[in-house]
Amino acid sequence: PPSQAPALDEGERNIYNKLKEKFNPSELVVQDVSGGCGSFYAITIASDAFKGLPMVKQHRMVNDVLKKEFEGIHGLQV
């Protein structure tokens with residue numbers, strides 16, 4: 001599916017908006033996979049910002065954007 005936007009809970013929306021603002025992605029899906037407690041998120045993101053970069057560097061870029069905002073997140077699956 002293309003980028004998702006509506007039907008996000010508050011935590012998902014915060015992450016979605018931060019990533020959208022930073023990376024201008026062509027695809028972005030954010031899903032709370034912690035059962036609703038907001039401690040673990042699965043993220044699908046595609047952006048020109050990641051072109052030619054190794055996966056570990058891409059993950060670090062996403063983590064850097066989110067760690068400042070969300071101290072309570074225990075894990076991300078990107």
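## Working through α1 and its surroundings

Just past the end of α1, Asn24 has a positive phi of about 45°. Keep in mind that this is a predicted model. Here are some exercises to help you find your way around.

**Exercise 1. Work out the order of helices and strands along the chain.**

Solution. Start by counting: the protein has two helices and three strands. Now walk along the sequence, and you get the pattern α-β-β-α-β.

**Exercise 2. Look at α1: how does its reach fit the span expected at 1.5 Å a residue?**

Solution. Begin with the helix itself, which has 14 residues. From the first C-alpha to the last, α1 reaches 20 Å, close to the expected 20 Å. Then check the N-terminal end, which is capped by Asp9. One of the side-chain oxygens of Asp9 sits 3.1 Å from the backbone nitrogen of Gly11.

**Exercise 3. Find the buried residues of α1 and say where they lie around the axis.**

Solution. First, list them: Gly11, Glu12, Ile15, Tyr16, Leu19 and Phe23 are buried. Next, look around the axis: these residues cover an arc of only 130°, so they are on the same side of α1. Now turn to the other side of α1, where Glu10 and Glu21 are exposed. Last, ask what lies over the buried residues of α1: the cover includes β1, β2 and α2.

**Exercise 4. Track down the largest nonpolar core and see which elements build it.**

Solution. The core to look for has 14 residues. Inside it, Leu19, Ile43, Ile45 and Val62 have the most contacts. Go through the elements next: α1 (10–23), β1 (27–32), β2 (40–46) and α2 (55–67) each bring at least two residues to this core. The largest share comes from α1, with four residues. For the wider picture, buried residues make up 35% of the 78 residues in the protein.

**Exercise 5. Decide whether Ser47 is buried or exposed, and find what it touches.**

Solution. Locate Ser47 in the loop between β2 and α2. The cut-off for buried is under 20% relative accessible area. Ser47 has 12% relative accessibility, so it counts as buried. Then look for its partners: leaving out residues up to four places away in sequence, Ser47 touches Phe23, Asn24, Pro25 and Ser26. With Phe23 there is a polar contact too: the side chain of Ser47 reaches the backbone oxygen of Phe23 at 2.6 Å. And you have already met Asn24, the residue with the positive phi just after α1.

Key:
Residues are numbered from 1 along each chain as its sequence is written. This is a predicted model: local features need pLDDT of at least 70, side-chain atom pairs count only at pLDDT 80 or more; totals for chains, interfaces and linings use all residues. Side-chain values use heavy atoms; hydrogens and water are left out. Buried means under 20% relative accessible area, exposed over 50%, partly exposed in between (1.4 Å probe, protein chains only). A nonpolar core is a set of buried Ala, Val, Leu, Ile, Met, Phe, Trp, Tyr and Cys residues joined through side-chain atoms within 4.5 Å. A polar contact is a pair of N or O atoms within 3.5 Å; within protein, one must be able to donate a hydrogen and the other to accept it, and residues adjacent in sequence count only if both atoms are side-chain atoms. Contact means heavy atoms within 4.5 Å. The expected span of a helix is 1.5 Å times one less than its number of residues. The arc is that of the directions from the helix axis to the C-beta atoms.
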